Amino acid sequence: MIERAGVAKCGLLTTGSRYRALVLYPRIRLAGSHAPIAHSMRYTTQFLLSAMAAAQFPEPDVPEIAFLGRSNVGKSSLLNKLAGEKAAKVSSTPGRTRAINFFALLDPSRRRKLMFADLPGYGYAKISKSVSAGWPEFIEPYLAIRSTLKLCVCLVDSNVPAQDSDRQLFDWLRAAERDFAVVATKIDRLSGNERTRNLLALRKGLELEELLPVSAKTGSGLADLWVRIEAAGCIQG
Ligand SMILES: Nc1nc2c(ncn2[C@@H]2O[C@H](COP(=O)(O)OP(=O)(O)O)[C@@H](O)[C@H]2O)c(=O)[nH]1
Ligand SMILES: [Mg+2]
């Protein structure tokens, strides 16, 4: 049995024009041994491409994580906080919002270890319509067929009540047997009581067993998200 024993720090190290995400996993204590084991990992982030069609997707060679959610929920901000500031500048380039933006995370020897995919937002389409309404036609195929996609990180805004479009996405992912983790974003905007109340309401409203509160602004919750990413089999030696 594994027991979580400490709080991790997440931060960014800047080296010249390159940015590195430094992640110290929560200390893990094996019950009985009381020996804390600290995991750490450094990545350099590299923007790969903006895909407007399935033919443009990068070669599926490493585990991939997709970031999904309604427009403005904080997808790019969360991805950037996990990956590094350089990704933010690229993904905020106008005209790329309807594309899937792919980022590679490289280890210190420049080997590609992980891929992030920033997907276009949904939610401005009429709620009664399918979650895929308004999505480019290649989004659904991406989720259905991308062989290296290990985890979908689905974002919901902790300040906004449960939405049908999010429920529909989760139903779709369950039906497609995709592993997904739901995170509640912008948690820094809520005080203690509001936070507890909103998270409970969202979990109930969205019928979720697990909901990870995060803030791309303060970095809160990102260590837990990395643990979840690792649990999904995305981190390989
Ligand atoms: N306070 C706060 N604002 C956030 C957070 N994450 C994103 N935002 C803001 O929410 C807006 C939308 O974020 P963005 O990442 O572009 O959302 P996207 O459309 O889902 O990619 C921006 O103004 C961000 O600064 C957060 O954790 N805390
Ligand atoms: Mg975005």
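**Briefing: exposure, strand pairing and the ligand 1 shell**

With 9 C-beta neighbours inside 10 Å, Arg110 counts as exposed, because the cut-off for that class is 12 or fewer. The model is predicted. The points below cover two loop residues with positive phi, strand E11, helix H1 with ligand 1, and Ser220.

**Positive phi in loops**
- Arg110 sits in the loop between strand E8 (100-106) and strand E9 (112-118).
- Its phi is near 65°, a positive value in a residue other than glycine.
- Lys186 also has a positive phi, near 55°, and is not glycine either.
- Lys186 belongs to the loop between strand E11 (180-185) and helix H5 (192-205).
- Lys186 is buried, because 21 other C-beta atoms lie within 10 Å and the class starts at 20.

**Strand E11 and its partners**
- Strand E11 is largely enclosed by the rest of the structure, because 6 of its 6 residues are buried.
- Phe180, Val182 and Ala184 point one way from E11. Ala181, Val183 and Thr185 point the other way.
- E11 runs parallel to strand E10 (residues 149-157), and 6 bridges join the two. Val153 has Ala181 of E11 as its bridge partner.
- From E10 the chain passes through helix H4 (residues 164-175) to E11, a right-handed β-α-β crossover.
- E11 also pairs with E12, again in the parallel sense, over 2 bridges. Here Val183 has Leu212 of E12 as its bridge partner.
- A right-handed β-α-β unit is formed by E11, H5 and E12.

**Helix H1 and ligand 1**
- Helix H1 (residues 75-83) is mostly covered, with 9 of its 9 residues buried. Among them are Lys75, Ser76, Ser77 and Leu78.
- H1 gives the most to the shell around ligand 1, with 3 residues.
- There are 16 residues around ligand 1. Gly74, Lys75, Ser76, Ser77 and Lys217 come nearest.
- By class, this shell has 9 polar, 5 charged and 2 nonpolar residues.

**Ser220**
- Ser220 lies in the loop between strand E12 (212-213) and helix H6 (222-231).
- Is Ser220 buried, partly exposed or exposed? Ser220 is partly exposed, because 15 other C-beta atoms lie within 10 Å, a count between the two cut-offs of 12 and 20.
- Leaving out residues up to four places away in sequence, Ser220 touches Ile187, Asp188, Val214 and Ser215.
- Ile187 is 33 residues from Ser220 along the chain, yet their C-alpha atoms are separated by 8.1 Å.

Methods:
Residues numbered from 1 in each chain as written. Chains lettered and ligands numbered in written order. Predicted model: local features only at pLDDT ≥ 70, side-chain atom pairs only at ≥ 80, totals over all residues. Helix = DSSP H or I, 4+ residues; strand = E, 2+ residues; numbered from the N terminus. Near = placed C-beta within 6 Å. Nonpolar A, V, L, I, M, F, W, Y, C, P; charged D, E, K, R; others polar. Contact = placed C-beta atoms within 7 Å. Pairing = 2+ DSSP bridges. Right-handed = clockwise from strand over helix to strand, strands pointing away.
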